[in-house]
Amino acid sequence: MSKQTRYVTTPIYYVNDRPHIGHVYTTTLCDVYARAMRSVGHDVFFLTGTDEHGVKVEQSALEKGMTPQALADQNSAEFQSIMGMFNLTSDAFIRTTSSEHTKQVQTFVAKLLERGDVYLGTFEGWYDEGQEEYHTETSARELEYKSPISGKPLVRATENNYYFKLSAYQGRLEQLFETNPAFVRPSSRRNEVLGRFADGLQDVPISRTNFSWGIPMPSNDEHVIYVWIDALFNYITALGLGDHASDWYKERSEFWPASYHVIGKEILWFHAVIWPAVLMALELPLPNCIYAHSFWISEGKKMSKSLGNFIDLATVESYIEKYNMDAWRYYLVTQGPLGATDADFVATRFQEIYNAHLVNTVGNSTSRVTAMLNKYFDGVVPPEVDGETRVEVTGFDWPTKCEAALLQWTSAMEAFELTKATEEAMGLIRDVDLFINDTAPFTLAKDESKQKELGAILYQCIETLRIAMLLLSPVIPSKTEEFLVAIQADLCIGNIQELARWGGAQPGSSVSKVALFPRVK
Ligand code: MSP
């Protein structure tokens, strides 16, 4: 496969909040995709960061007796620290208060003004103060004039503002949704957006005058740029697209357009409608896909600090301590709300999945096979084929099975179907278990004359596990590395298509026994 670029982004997180499972979840999804794409050999850029302007940050800072910048610095550092803590391999961390970002945002907005896509006008509408978002009459009515997030009443607000001419882009947006049905995924989210087109798109205010913590409008510093416009630009300022003389531009501009903007469902409108329209106005290519996942709820209810079911960083850390980092990642990726419905985080379910998938499947199979290799072959990989001996058990044509899994895995990962990709690897491991039960190597071991057959069976087991673990490495990177090191196999460094080909395990190399996932009470 030829080398290509892949660019994946998380939303940039508000600094007036502390990191929690939601932020860790989205960032972990992007991390799995980024690792998988690196292992395929693509050139990957994985961006995350913090959204630091806006009235909420200004107010929180005031309440705490801090300057907004000091609060932003403090909380942004906390978001940055989760990257290291959770083994997340982002390539850059963008902050909207950085001079690189602010300068470019002003350049882009100046361009929009110049082209007439931004103009000065008066606006009246229903405003959600918590979300800093306006609702149309129809949507406000549907929401019973209450914020869908905080439940607080929407307020009628009038503003003299700069507007972005969103209405002028309705036709092109509709065409985009029509010709590229995968622009917004999953498809239920796409339908949600299409439904709102019927209302007719209205121009959106993109400046504010009621506070000052933001990027000043070019040529009118009584206005600051609306935090959402400022924030959306992060995806291209981080690549230097607004400053062609910058190092960022030199090093990163080739990554645009993004492969995936991964977001939560609550910020779909900004990403699926406003953002492409702004890009159209700037004559920039559009991202390939906005992937909007659903939400984690906790123990059957919306997460809330007062209900005591809030999964903050301390709770996340307690899981990692009790189980391990890879178990945490595995649970998030395979049981999370990647699809159209919310997912419930339930402690007992975590334990069940850990036991069933990691202890009893991955852990058991790898320990069983490495133990048998130690017991019957002194920890040395036997040859698969020796003269006549090649074991074919009906239904287990391993080379074909593994090749198919690799192909499926690759296309699922490319398509951001992370659960499906993971399932390909898990399927191979479950098959190894069935194969062991069918061929009963422990019985063959009792018969001297069956040594070669026994060797061939165990070769097929360790080789399939090697391939399966390569495929699992984006999700459980530490445990797969531990395993690959224990069997003296190559780690994946951007060449999975070759490495995961049948025959990679070398007869004669040594194998240590592994115990990857201990049982947890
Ligand atoms: N700053 C804006 C995004 C600007 S992007 C140009 C923002 N920030 S946020 O801090 O509120 O983060 C929102 C994101 O956090 C969601 O879109 C989602 O990725 C993640 N989550 C927050 N709560 C979540 C859950 N309960 N479950 C899953 N993810 C959720 O919005």
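Student: Where is Pro 257?

Tutor: Pro 257 sits in the loop between helix H10 (247-252) and strand E13 (260-264). This is a predicted model, where local features need pLDDT of at least 70, side-chain atom pairs count only at pLDDT 80 or more, and totals for chains, interfaces and linings use all residues. Residues are numbered from 1 along each chain as its sequence is written, and side-chain values use heavy atoms, with hydrogens and water left out.

Student: What makes H10 a helix and E13 a strand?

Tutor: Both are DSSP runs, numbered from the N terminus: a helix is H or I over at least four residues, a strand is E over at least two. H10 spans 247-252 and E13 spans 260-264, so each run qualifies.

Student: How do you know whether the bond from Trp 256 to Pro 257 is cis or trans?

Tutor: Look at omega. It is near 5°, and the bond is cis. The bond from Arg 185 to Pro 186 is cis too, with omega near -10°. Pro 186 lies in the loop between strand E8 (184-185) and helix H7 (187-197).

Student: What makes Glu 144 stand out?

Tutor: Its phi is positive, about 55°, and Glu 144 is not a glycine. Most residues other than glycine have a negative phi, and most peptide bonds are trans. Glu 144 is in the loop between helix H5 (137-142) and strand E7 (155-164).

Student: How do you know that E5 and E7 pair?

Tutor: Pairing takes at least two bridges found by DSSP between two strands. Strand E5 (residues 118-128) and E7 have 10 bridges and run antiparallel, so they pair. One bridge partner of this kind is Tyr 163 in E7, set against Tyr 119. The open sheet has four strands in the order E6-E5-E7-E9.

Student: Why are E6 and E9 called edge strands?

Tutor: Strand E6 (133-135) and strand E9 (204-205) each pair on one side only.

Student: What makes E10 and E12 a pair?

Tutor: Two bridges join E10 to strand E12 (residues 220-225), so the minimum is met. Arg 208 stands opposite Val 224 in E12. The open sheet here has three strands, ordered E10-E12-E11 with antiparallel pairing.

Student: Which residues come nearest to the ligand?

Tutor: Ile 12, Thr 26, Asp 51, Gly 264 and Trp 296, out of 23 around the ligand. A residue is near if one of its heavy atoms lies within 4 Å.

Student: What makes the contact at Ile 12 a polar contact?

Tutor: The ligand limit is a pair of N or O atoms within 3.5 Å. A nitrogen atom of the ligand is 2.8 Å from a polar backbone atom of Ile 12, so the pair counts. For Trp 296, a backbone N or O atom lies 2.9 Å from a ligand nitrogen. For His 23, a side-chain N or O atom is 3.4 Å from a ligand oxygen.

Student: Which elements supply the shell around the ligand?

Tutor: Strand E2 (13-14) and helices H1 (21-40), H8 (227-232) and H9 (234-237) each give at least two residues.

Key: A polar contact is a pair of N or O atoms within 3.5 Å; within protein, one must be able to donate a hydrogen and the other to accept it, and residues adjacent in sequence count only if both atoms are side-chain atoms.
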